[in-house]
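Please look through the sequence and the model below before reading on. The paragraphs that follow move from the surface to the interior and then to the links between separate parts of the chain.

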Amino acid sequence: MGMDSYLELFTTVFGWTLANHIYSILLDTGIVFIPLIVTIVAVWMEAHVDGPDGGGVEWAIRKMEVELTVALFVMSVCFVPTPWTTLDRATLLYKPDRTVAEPAPATVTGSNSGSTFGTAFGAGTGGAGAGVPVPLWWYTVMGLSSGVTAAVRAGVSDGFLGLRQAEELARLATIENPALRSEAQAFRNQCFVPAHARFHNPGTPPSEIVDSVIANPLYGKDDTEWIGSRAFLSDPDYYASFRARQTVAGFTLDFLGDDKDAAPGTTGYSMPNCKRWWAESGTGLRSRLMSQSGGRLQRAADYAWGIVNAADSGLVPTALDPDFVKDSILKQALWRSQSNFVQTDQIIGGKNESRWELPELLSGLGI
């Protein structure tokens with residue numbers, strides 16, 4: 001019998017254990033027989049009031065037979081636990097949802113849950129605590145509802161639900177390393193801003209390469225509005241024609257390429273062009289951003305790609321590829337990592353001296 005969470009796995013046993021204690025109290029004290037006594041008295045009073053004209057003794061006996069039979073049936077099916085319907089026979093288990101950290105989670109049971117709550121179930125296959133008897137009616141209801149729920153979830157887990165989980169992973173992504181955030185900002189200023197300005201310059205001749213990327217429904221016009229633009233990387237007139245203004249760690253000197261003008265005997269790191277800076281395998285900014293924080297962004301991208309592969313083909317463009325998924329995750333991470341606070345009185349470049357100093361000081365203290 002499948003559960004929907006770790007908590008439900010344990011509360012099911014705890015709840016029915018408590019129900020069995022309550023049942024024992026009601027049975028030992030005789031309270032359980034009060035409804036039957038009330039039924040007998042109510043039928044006798046109704047027959048006594050109506051008299052012989054209302055059916056008399058024969059009617060009262062038949063009425064009492066029906067009322068007591070229904071009451072005993074309901075009590076035996078819905079109230080009395082049986083030794084044939086115990087929780088260990090139902091095999092309580094829980095299958096956690098896939099996550100980035102654990103793409104293939106193992107199914108857990110009460111006695112093998114990986115938590116201290118498992119001690120409540122005891123040692124054994126089903127666990128001592130799981131041998132709690134349950135009334136037949138509720139045992140059947142739990143089994144049917146568990147099966148229906150599992151079937152519904154299995155039908156949608158690889159479709160829209162999984163895609164929503166991947167979207168949420170992308171929204172939660174961020175760049176946590178301060179050095180990488182600073183380098184990403186430097187790349188934006190030294191590479192993206194000049195390339196973006198050239199692209200929007202009315203005097204720039206049209207580019208078939210850029211137009212083909214923009215015409216691709218996967219990228220569209222928004223492709224040129226983020227630093228990992230596929231159009232700027234593909235066209236040699238954009239990222240390949242700009243370079244870093246300082247040496248970048250991890251890039252070796254290239255005397256035949258970016259560093260052909262370097263003096264003989266120069267040592268240290270290279271000042272790569274923007275295409276190498278972003279896209280070079282292993283040392284490029286894109287690779288290092290994806291692998292930062294123990295590869296969390298990379299795992300998020302792999303998880304999202306796995307969900308996309310499992311989705312119905314009608315929901316996924318045929319041209320979709322893993323690099324596009326990685327770029328989508330990275331785009332969200334970069335967007336969430338950008339600065340959101342701007343000192344409005346210093347946007348132009350100089351401090352606005354017309355402001356009164358005391359309110360400005362109080363405002364600064366408040367912030």
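A residue is called buried when its relative accessible area is under 20%, exposed when that area is over 50%, and partly exposed in between. The coordinates used here come from a predicted model. With these limits, E67 is partly exposed because its relative accessible area is 31%, and K63, at 29%, is likewise partly exposed. The side chains of E67 and K63 meet in a salt bridge, with an N to O distance of 3.3 Å. Both residues belong to helix α3, which covers residues 56–78, and because they are 4 residues apart, about one helical turn separates them. C78 has a relative accessible area of 28% and is therefore partly exposed.

A search of the whole structure finds 3 salt bridges, one of which is the pair just described, E67 and K63. Another is formed by the side chains of R276 and E280, at 2.9 Å from N to O. Here the two partners fall into separate classes of accessibility: R276, at 17%, counts as buried, while E280, at 29%, counts as partly exposed. The side chains of E183 and R288 also meet in a salt bridge, with N and O 2.6 Å apart. This pair links distant parts of the chain, since E183 lies in helix α7 and R288 in helix α11, 105 residues apart. As its relative accessible area is 15%, E183 is buried.

Helix α7 leads on to the interior. In soluble globular proteins, nonpolar side chains tend to be buried together. In this model, the largest nonpolar core has 34 residues, and the members that touch the most others are F187, Y239, W277, W278 and L334. Two or more residues of this core come from each of the elements α7 (178–200), α8 (208–215), α9 (230–234), α10 (274–279), α11 (285–310) and α12 (322–337). Of these, α7 gives the most, with 7 residues. What is F187 in contact with, leaving aside its neighbours within four places in sequence? The partners of F187 are F192, I227, Y239, C274, W277, W278 and L285. A second, separate core of 15 residues includes L9, L87, V108 and V134.

One of the contacts of F187, C274, also takes part in a covalent link. The search of the whole structure finds 1 disulfide, which joins C191 to C274 with an S to S distance of 2.0 Å. The angle about the S-S bond is -80 degrees, and the link of C191 and C274 is left-handed. Because C191 lies in helix α7 and C274 in helix α10, the disulfide ties together parts that are 83 residues apart in sequence. Both cysteines, C191 and C274, are buried.

The aromatic side chains add a further set of relations. The count of aromatic pairs comes to 9. In the pair of F192 and F232, the ring centres are 6.2 Å apart and the planes stand at 50 degrees, so the pair is tilted. These two rings connect distant parts of the chain, with F192 in helix α7 and F232 in helix α9, 40 residues apart. F192 and F232 are both buried, and for F232 the relative accessibility is 0%. F232 also pairs with Y238, and because their centres are 5.1 Å apart with planes at 20 degrees, this pair is stacked. Y238 has a relative accessible area of 4% and is therefore buried. Ring pairs link these residues into a cluster made up of F187, F192, F199, W226, F232, Y238, Y239, W277 and W278.

The last stop is T12, which lies in helix α1, residues 6–29. Is T12 buried or exposed? With a relative accessible area of 10%, T12 is buried. A polar atom of the T12 side chain lies 2.6 Å from the backbone oxygen of E8. Leaving aside neighbours within four places in sequence, T12 is in contact with M3, L87, L92 and M142, and among these L87 is also included in the second core.

How values were computed. Residues are numbered from 1 along each chain as its sequence is written. This is a predicted model: local features need pLDDT of at least 70, side-chain atom pairs count only at pLDDT 80 or more; totals for chains, interfaces and linings use all residues. Side-chain values use heavy atoms; hydrogens and water are left out. A nonpolar core is a set of buried Ala, Val, Leu, Ile, Met, Phe, Trp, Tyr and Cys residues joined through side-chain atoms within 4.5 Å. Buried means under 20% relative accessible area, exposed over 50%, partly exposed in between (1.4 Å probe, protein chains only). Contact means heavy atoms within 4.5 Å. Rings of Phe, Tyr and Trp (its six-membered ring) pair if their centres lie within 6.5 Å; planes under 30 degrees apart count as stacked, over 60 as edge-to-face and the rest as tilted. A polar contact is a pair of N or O atoms within 3.5 Å; within protein, one must be able to donate a hydrogen and the other to accept it, and residues adjacent in sequence count only if both atoms are side-chain atoms. A disulfide is a pair of cysteine sulfur atoms within 2.5 Å. A salt bridge is a side-chain nitrogen of Lys or Arg within 4 Å of a carboxyl oxygen of Asp or Glu.
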